[in-house]
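Please take a moment to look through the sequence and the model that follow, and then read on for a guided walk from the whole chain down to single pairs of side chains.

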Amino acid sequence: MALWRGLRCCRRAFAWLPVLLIALLLLWSYYGYVCELCLVTVSNPVEKVAYLVVFHILFVLFVWTYWKSVFTLPIQPGKKFHMSYADQERYENEERPEVQRQILAEIARKLPVYTRTGSGGIRFCDRCQLIKPDRCHHCSVCAMCVLKMDHHCPWVNNCIGFSNYKFFLLFLAYSLLYCLYIAATVFKYFIKYWTGELTNGRSKFHILFLLFVAIMFFVSLMFLFGYHCWLVSRNRSTLEAFSAPVFQNGPDKNGFNLGFVKNLQQVFGEEKKLWLLPIASSQGDGHFFPMRALSEARNPLLTNEEQWEEDGLDEEPQGSGEASSLAIERET
């Protein structure tokens with residue numbers, strides 16, 4: 001037991017190494033840009049002040065969003081999704097799989113649960129002893145079920161889900177701008193050092209590595225951020241992109257796709273002035289999400305329309321939005 005606890009502690013400590021690496025790179029980039037570039041290399045006072053002001057704005061946004069991504073704890077399902085002691089005992093004492101499925105179906109009948117397992121059964125977590133809400137998954141690293149789980153990110157040592165997905169997207173966006181700004185402003189002085197116009201050896205070293213590190217991270221972040229922008233536009237998580245959610249009528253990768261604008265509002269909220277700020281503004285509580293399948297069921301005219309094809313869904317019909325809002329009011 002003591003050995004197992006020691007291994008768990010070592011594993012937890014090792015998981016913080018990527019976060020420590022990013023923190024050290026961030027501190028070094030601050031020193032290199034502010035001290036070696038702005039205070040030592042740049043001679044024009046107006047240019048120096050402009051560089052410092054913009055840099056500090058991006059630096060604060062970068063740190064703020066990264067902090068929120070790391071330390072915003074994932075949200076677990078509410079108590080109503082957990083099995084009662086009586087139901088748990090009845091489920092565990094039953095050996096017949098078909099009866100166990102009936103027990104889960106009976107419990108889930110009172111809950112806003114619409115997704116199913118691949119075999120059509122109720123999604124149940126044996127480790128957490130709860131009925132999984134839609135888009136909820138168990139994270140083996142965090143050892144708990146996470147609402148609207150997207151993935152577990154080692155770079156923030158946290159599970160990205162309903163509670164911090166907006167912060168994670170903003171972190172990617174501001175880190176992308178941070179790297180781009182550093183590369184764009186440092187390039188001019190990199191050329192001067194390269195041609196021999198400037199000769200300060202220590203600053204030359206820092207500026208050289210600032211440029212290459214900024215470009216390297218910019219390229220990698222550009223692909224990652226672009227991929228998550230595509231996911232947001234389709235209202236999918238990373239897990240749902242690889243394995244389509246299963247509804248009562250079968251798998252449907254566009255089951256939560258409500259149209260581009262509605263999909264953005266699911267993550268960033270309806271208040272556009274809060275979209276670019278690391279403030280929680282996502283719609284709902286993470287337990288229930290409007291679904292295209294529910295909207296179609298309430299509006300038979302939409303059942304066979306070609307506009308619901310995977311890459312052609314850009315706007316949400318008015319009737320669909322009304323049905324979704326009614327579903328939220330009824331279930332939450």
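The paragraphs below begin with the whole chain, turn to one helix and one residue, and end with salt bridges.

This is a predicted model, and its protein chain contains eleven helices and eight strands. Of the 332 residues in the protein chain, 47% are buried, while the accessible surface comes to about 18200 Å², with 63% of that surface belonging to carbon and sulfur atoms. If we take the contacts between residues at least 6 apart in sequence, 63% of them join residues at least 24 apart.

Helix 5 offers a good place to look more closely, for this helix runs over residues 97-108 and reaches 16 Å from its first C-alpha to its last, which is close to the 16 Å expected at 1.5 Å a residue. Its buried residues are Val99, Gln100, Ile103, Leu104, Ile107 and Ala108. An α-helix has 3.6 residues a turn, so residues three or four places apart point the same way. The buried residues of helix 5 pack against helix 4 (85-93), strand 1 (124-125) and strand 2 (130-131).

A single residue can be followed in the same manner. Serine 29 lies in helix 2, which covers residues 17-41, and because its relative accessibility is 6%, below the 20% cut-off, serine 29 counts as buried. When its neighbours within four places in sequence are left aside, serine 29 is in contact with Phe55, Tyr178 and Leu210.

How many salt bridges are counted in this model? The count comes to seven, and one of them joins lysine 188 to glutamate 47, whose closest N and O atoms are 3.3 Å apart. This pair links distant parts of the chain, since lysine 188 belongs to helix 6 (residues 165-195) and glutamate 47 to helix 3 (residues 45-71), 141 residues apart. Lysine 188 is partly exposed, with a relative accessible area of 39%, whereas glutamate 47 is buried at 17%.

Another salt bridge brings together the side chains of arginine 135 and glutamate 240, at 2.9 Å from N to O. Here arginine 135 sits in the loop between strand 2 and strand 3 (137-139) and glutamate 240 in helix 8 (residues 238-242), 105 residues apart, and both residues are buried.

The side chains of aspartate 252 and arginine 292 also meet in a salt bridge, at 2.5 Å from N to O. Aspartate 252 lies in the loop between strand 8 (250-251) and helix 9 (260-268), and arginine 292 in helix 10 (residues 292-298), so the pair ties together parts that are 40 residues apart in sequence. Finally, salt bridges that share partners join Asp87, Arg90 and Glu106 into one network.

How values were computed
Residues are numbered from 1 along each chain as its sequence is written. This is a predicted model: local features need pLDDT of at least 70, side-chain atom pairs count only at pLDDT 80 or more; totals for chains, interfaces and linings use all residues. Side-chain values use heavy atoms; hydrogens and water are left out. Helices (H or I, at least four residues) and strands (E, at least two) are DSSP runs, numbered from the N terminus. The expected span of a helix is 1.5 Å times one less than its number of residues. Buried means under 20% relative accessible area, exposed over 50%, partly exposed in between (1.4 Å probe, protein chains only). Contact means heavy atoms within 4.5 Å. Accessible areas come from the Shrake-Rupley method with a 1.4 Å probe; for residues, only the protein chains shown count as cover. A salt bridge is a side-chain nitrogen of Lys or Arg within 4 Å of a carboxyl oxygen of Asp or Glu.
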